[in-house]
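Got the viewer open? Keep the selection box handy and follow along stop by stop.

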Amino acid sequence: MNPVGPQRGLDTRPAVSASQRRISLLIGLAATALILLTWWHVLTLVSESRQREFAAAERDLGNLTRLTQEHAIRTLRSADQVIRFVQSRYLEIGDRIDLKALTANGVIDSEIFNQVGIIDAKGLYTLSNLPILNKLDLSDREHFKVHVASDSVGLFVSKPVLGRASGKWSIQMTRRITRPNGDFGGVVVVSIDPGYFSSFYSALNLGPKGLAALYGVDGVARVRKVGPQEAYGNKAPDAAMFGYISRGQLSGPYIQQSVVDGVERLYYYRKVPQYELIVVAGLETQDLLANHRQARDGLLLQATLMTLLVLALALAMTRHLRRIRLEMTARQQAQSQVEDRTQQLSAIFTMSPDGFVSFDQEHRVKYVSPAFADMTTLGTQRLEGLSEQAFSDWLAGLCDVGTPFIGVAALRTKVLGGKPDARELLQMAQDTRRMLQIGLRCSESTSVSQILYCRDVTHEFEVGQMKSEFLATAAHELRTPMQSILGFSEVLLHHELDSKTQQELLTIINQESGQMAKILDELLDLARIEARRGKDFRFTRVCLQDLTTDLVRAFLPPAGRAAPELLMREQPLHVMADAGKLRQALLNVLSNAYKYSPGGAVVIQIEVGDEAGPAPRAWIHITDQGIGMTPQQLSRVCERFYRADTSGKIPGTGLGMRIVKEICEMHGGKLAISSTLGLGTRVSLSIPC
Amino acid sequence: MIRILIVDDHSDIRRLLSITLGKDFEILEAEDAASALDAVRRHHPTIVLLDVMMPGKMNGLDALAEIKASPQTQDILVAMISARGQVSDHDEARKLGADAYFVKPFSPLQVAAWVRSKVA
């Protein structure tokens with residue numbers, strides 16, 4: 001509708017666009033919120049699930065380590081029991097102690113260890129429950145050396161060592177033998193097979209990479225079992241638990257990538273009370289979280305699907321809304337265009353001077369324009385819905401008998417029969433006596449079958465009539481002097497006439513020739529003035545007194561008549577005028593004043609009207625005391641060829657006053673004539689000054 | 001003597017026709033239709049030469065109709081003289097019973113010839 005006019009057209013696009021942006025933004029925000037909420041929920045679930053898994057695993061590992069701790073304590077206590085017993089017996093009976101017998105008869109429970117023996121003060125392995133082939137010197141071993149200098153060590157649990165005698169891994173547990181005098185008396189040693197621990201750990205189901213281990217606080221593994229693999233003596237001082245323990249946290253969970261095998265595990269460690277040992281169990285986090293991962297993947301998939309669904313919905317909604325908006329905008333625009341067109345057409349039809357009547361497909365009157373209603377003085381009568389025939393009858397009823405209307409159907413036959421410009425000229429019988437020109441156009445449009453158009457040609461018709469009347473009058477006026485010239489010259493040629501009559505006829509011929517020339521001159525003058533509408537006028541500042549004085553001086557009054565009297569003020573009066581044309585007009589009036597007055601004075605008076613007002617005017621009055629005119633003659637005095645005198649005694653063309661009127665009007669002035677029959681006439685010209 | 005009535009508002013035309021016909025006929029003149037009809041009734045001329053366009057309430061054609069309508073005057077020969085040379089005028093005059101139709105400017109000799117042919 002920028003459309004329109006574009007002009008206006010009423011353009012609602014920015015508003016729609018802004019509102020659409022707002023709705024799209026709302027949809028986007030809602031979708032984003034929904035997606036964020038979904039993801040928050042899912043991630044919370046995932047996180048909780050992970051935490052739950054870890055919490056369960058921690059609990060399990062905590063219990064497990066409690067078990068392994070207990071196992072370690074029991075084992076060590078049992079071993080220590082044996083050591084203390086052997087220590088005590090050795091101090092009582094010395095080398096007579098029969099370790100083999102004690103073991104064999106069950107005094108010493110040998111289930112948990114490989115060997116029990118005594119290293120003497122010199123470091124020689126002197127006694128054992130197993131046969132000793134040669135006394136090994138173990139004085140360089142740590143589990144011996146720690147006891148030599150001091151009694152403060154208590155039970156010592158060695159790092160796993162590879163037995164020189166057995167070639168097997170073993171953990172040595174030793175206690176100092178202190179003689180009653182306080183001297184160092186050697187060491188009781190129990191060799192524990194780390195496999196004892198590991199076989200216990202094998203019973204624990206920790207998965208293929210699960211770990212169960214017994215570490216010393218020195219960072220060396222006494223037993224380390226991962227799945228089926230067992231190892232002894234490997235060092236892991238960087239494991240986090242040592243740090244925790246050194247800070248006083250004697251048990252707890254942690255997650256770390258193993259410093260030994262690089263596997264990430266959830267560990268649970270426990271310091272073994274009274275021993276410098278730590279039990280630890282670990283589950284591979286990957287294994288631990290396998291179920292969680294599956295659940296998590298499921299959740300994430302759901303969330304992703306949900307996200308996609310929400311996005312798709314949001315997109316679809318936005319698109320749908322946009323389409324609706326676009327459709328609405330298009331509809332609004334179309335509507336506004338239609339409105340604009342309707343207004344335009346309505347304005348055109350309302351203001352058009354030509355009238356229209358449209359007919360629908362059934363040839364019923366559909367629309368009647370105001371101009372048509374006006375021309376036919378329709379008034380409040382309604383024509384819409386009338387059949388073509390009824391309309392034709394109605395219109396025919398308005399027409400003057402001289403111009404009967406043939407009817408719309410007959411007009412259509414003419415138009416379709418090869419005369420597309422066929423017109424009917426109708427004169428209305430009403431008071432208006434309007435002349436209407438009616439035409440018809442057939443249409444292939446679906447809503448309008450034909451349009452009857454109607455033009456008021458009254459004016460053109462009158463102008464045409466006036467033209468032919470003028471021509472007839474002009475021809476008549478020219479024929480009259482021509483008749484005299486032709487006729488009298490013929491008479492002179494063919495008749496024997498006395499010289500006086502000859503003279504008389506020649507005088508008539510001469511006068512009439514002059515009259516004819518004068519008519520032609522004045523006709524041309526008038527035609528020129530009317531055609532050029534003053535365009536060839538040369539306006540200059542003219543002093544009216546000077547112009548009039550010159551005119552009077554040059555004017556030759558008829559024989560025996562006095563020159564015109566001049567009445568005017570001394571102060572010069574200037575007007576913008578074409579001096580030549582103004583003189584011609586005044587001369588015409590002056591000639592008439594003398595022609596139509598047998599005697600008496602002719603007075604020219606110049607004065608100013610409305611001098612102080614907004615539109616001052618110079619008035620030139622020319623007054624005679626002549627024959628005057630009747631009101632009827634007065635009303636026609638400016639018509640072309642109108643002669644108040646029809647006697648033929650006063651020569652004239654009947655064009656003079658018409659020329660005066662034209663010249664006066666070209667100066668923006670007015671011509672006023674007042675006359676009384678038998679008393680005289682006063683002609684007044686006014687010119688703005 | 002045969003009387004001829006010349007009707008025209010222009011004195012020159014009347015003068016022209018009276019000079020042309022005055023030697024052989026008695027000439028009557030009228031300058032409008034009303035006085036022409038008056039003269040027709042009073043003097044019963046043989047021929048009327050009648051101008052069409054004349055001032056006054058009646059024109060030449062009205063006077064023609066009157067002359068031809070009245071049993072007392074319908075035998076009078078009427079020649080119309082007009083500046084209007086249109087066929088329609090001519091036809092109208094004929095319809096009203098005009099015996100001849102001369103268009104201005106006419107030849108006075110032709111008019112005289114027609115008059116003589118009618119009274120011979």
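One cut-off before you click anything: two residues are in contact if their C-beta atoms, placed from the backbone, lie within 7 Å. The model is a predicted one, where local features need pLDDT of at least 70, side-chain atom pairs count only at pLDDT 80 or more, and totals for chains, interfaces and linings use all residues. Residues are numbered from 1 along each chain as its sequence is written, while chains are lettered from A and ligands numbered from 1 in the order in which they are written.

**Stop 1: a core residue in chain A.** Select Val190(A). Leaving aside neighbours within four places in sequence, Val190(A) is in contact with Ala79(A), Val82(A), Ile83(A), Phe113(A), Val116(A) and Met173(A). Now add Val280(A): of the 57 residues in the largest nonpolar core, Val190(A) and Val280(A) touch the most other members. A nonpolar core here is a set of buried Ala, Val, Leu, Ile, Met, Phe, Trp, Tyr and Cys residues joined through C-beta atoms within 7 Å. Buried means that 20 or more other C-beta atoms lie within 10 Å of the residue's own, with C-beta atoms placed from the backbone. Helix H1 (residues 13-93) of chain A gives the most to this core, with nine residues. Helices (H or I, at least four residues) and strands (E, at least two) are DSSP runs, numbered from the N terminus.

**Stop 2: the sheet in chain A.** Show the strands as cartoon. Six of them form an open antiparallel sheet in the order S8-S7-S6-S11-S10-S9, where two strands pair if DSSP finds at least two bridges between them. At the edges are S8 (229-231) and S9, each pairing on one side only.

Zoom in on S10(A), residues 264-272. Eight of its nine residues are buried, so the strand is largely enclosed by the rest of the structure. On one side, seven bridges join S10(A) to S9 (residues 251-257), running antiparallel; look for Ser251(A) opposite Arg270(A). The S9-S10 hairpin has six residues between its strands, and Gly262(A) in the turn has a positive phi of about 75 degrees.

Eight bridges join S10(A) to S11 (residues 277-284), again antiparallel. Arg265(A) stands opposite Glu284(A) there. This hairpin has four residues between the strands, with Gln274(A) at a positive phi near 75 degrees.

Then swing over to S7(A), residues 221-226, which three bridges join to S8(A). Lys225(A) has Glu230(A) as its bridge partner.

**Stop 3: over to chain B.** Colour chain B by secondary structure: you get five helices and five strands. From the N terminus on, the elements run β-α-β-α-β-α-β-α-β-α. Buried residues make up 41% of the 120 residues in the chain.

Which residues of H3(B), residues 60-69, are buried? Select Gly60(B), Leu61(B), Ala63(B), Leu64(B) and Ile67(B). Look down the axis of H3(B): the buried residues fall within an arc of 155 degrees (taken from the directions from the helix axis to the C-beta atoms), so they line one face of the helix.

**Stop 4: where the chains touch.** Show both chains together. The contact takes 17 residues from chain B and 18 residues from chain A. On the chain B side, helix H1 (11-21) and helix H5 (108-119) each supply at least two residues. The largest share of that side, six residues, comes from H1(B).

Note on methods. A residue is buried if 20 or more other C-beta atoms lie within 10 Å of its own, exposed if 12 or fewer, and partly exposed in between; C-beta atoms are placed from the backbone.
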